[in-house]
Amino acid sequence: MKKLLIVFMSIVMILSLGIIINASDTGGEKTIITGEIAPTPEEYEEYLNSLTDEELKIIDKKIKEAEELANQPQPRATMINIGGAYIVYQQEQSNYCVPACIKSTLQFINGDSPSQS
C-alpha cells in the first residue's frame, strides 16, 4: 500500500511541474474594497468651500509634497533579515516566488546560496 501511495504521489508531483504559478497581476481592472466612504463630488466641493485660505494652502502644500515623494525613485530591498539568522530575499522577477524561498532556505542551511535566476 505504501509503494502504491509513493508511486501515486510521484506521478502527481511530476504532472504538477507543468503548472506555472505567477504572483503578478497581468491584466484586468481590480476592485479594491477599502471600507472608505468617499464623498460625492458635491460633498467634496462643499467641503472645500468651507475651508479657510490658510487651510487650503496647507492642503496644496501637502499635495505637492506627496507628488514630489511619489516621483522619487524608491529603493528596492533585496533582503530582509529576520532575527539575525534567517534572511528573506525579495523576488528578482515577479514570478520568482519559489527561487526566492529556496535561496532563503539554502542561505539559512548552508550559509551560501546561488542566485535566483
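This report walks through the fold, the helices, a buried lysine and the cysteines of a predicted model.

## Overall layout

Let's start with the whole chain. Its secondary structure consists of 4 helices and 2 strands. Read from the N terminus, the order of these elements is α-α-α-β-β-α, with the two strands sitting between the third helix and the last one.

Burial is scarce here: of the 117 residues in the chain, 7% are buried. The chain exposes about 10,800 Å², and carbon and sulfur atoms supply 61% of that area. Among contacts with a separation of 6 or more, 20% join residues that are 24 or more positions apart.

## Two helices in the open

Helix α1 covers residues 2-15. Its 14 residues should span 20 Å at 1.5 Å a residue, and the end C-alpha atoms are indeed 20 Å apart, so expectation and model agree. Helix α1 is also hardly covered, as the count of buried residues in it is 0.

Helix α3 takes in residues 53-71. For these 19 residues the expected span is 27 Å, and the distance between the end C-alpha atoms is 27 Å, which agrees. How many of the 19 residues of α3 are buried? The number is 0, so α3 lies largely in the open.

## A buried lysine in α4

Helix α4 runs over residues 97-110, and K103 has its place there. K103 is worth a look when you think about charges: this lysine is buried yet has no salt bridge. The nearest side chain of opposite charge belongs to E92, at 6.1 Å, whereas a salt bridge would need the charged atoms within 4 Å.

What does K103 touch, leaving aside residues up to four places away in sequence? Its partners are Y89, S113, P114, S115 and Q116.

## Cysteines without a bond

The count of disulfides comes to 0. Take C97: the closest cysteine sulfur is in C101, and the 7.1 Å between the two sulfurs is too far for a bond, because a disulfide needs them within 2.5 Å. Seen from the other side, C101 is in no disulfide either, with the sulfur of C97 as its nearest cysteine sulfur at 7.1 Å.

Are these cysteines buried, exposed or partly exposed? C97 counts as partly exposed at 22% relative accessibility. C101 is partly exposed too, with a relative accessible area of 48%.

Methods
Residues are numbered from 1 along each chain as its sequence is written. This is a predicted model: local features need pLDDT of at least 70, side-chain atom pairs count only at pLDDT 80 or more; totals for chains, interfaces and linings use all residues. Side-chain values use heavy atoms; hydrogens and water are left out. The expected span of a helix is 1.5 Å times one less than its number of residues. Buried means under 20% relative accessible area, exposed over 50%, partly exposed in between (1.4 Å probe, protein chains only). Contact means heavy atoms within 4.5 Å. Accessible areas come from the Shrake-Rupley method with a 1.4 Å probe; for residues, only the protein chains shown count as cover. Lys and Arg count as positive and Asp and Glu as negative; His and the chain ends are not counted.
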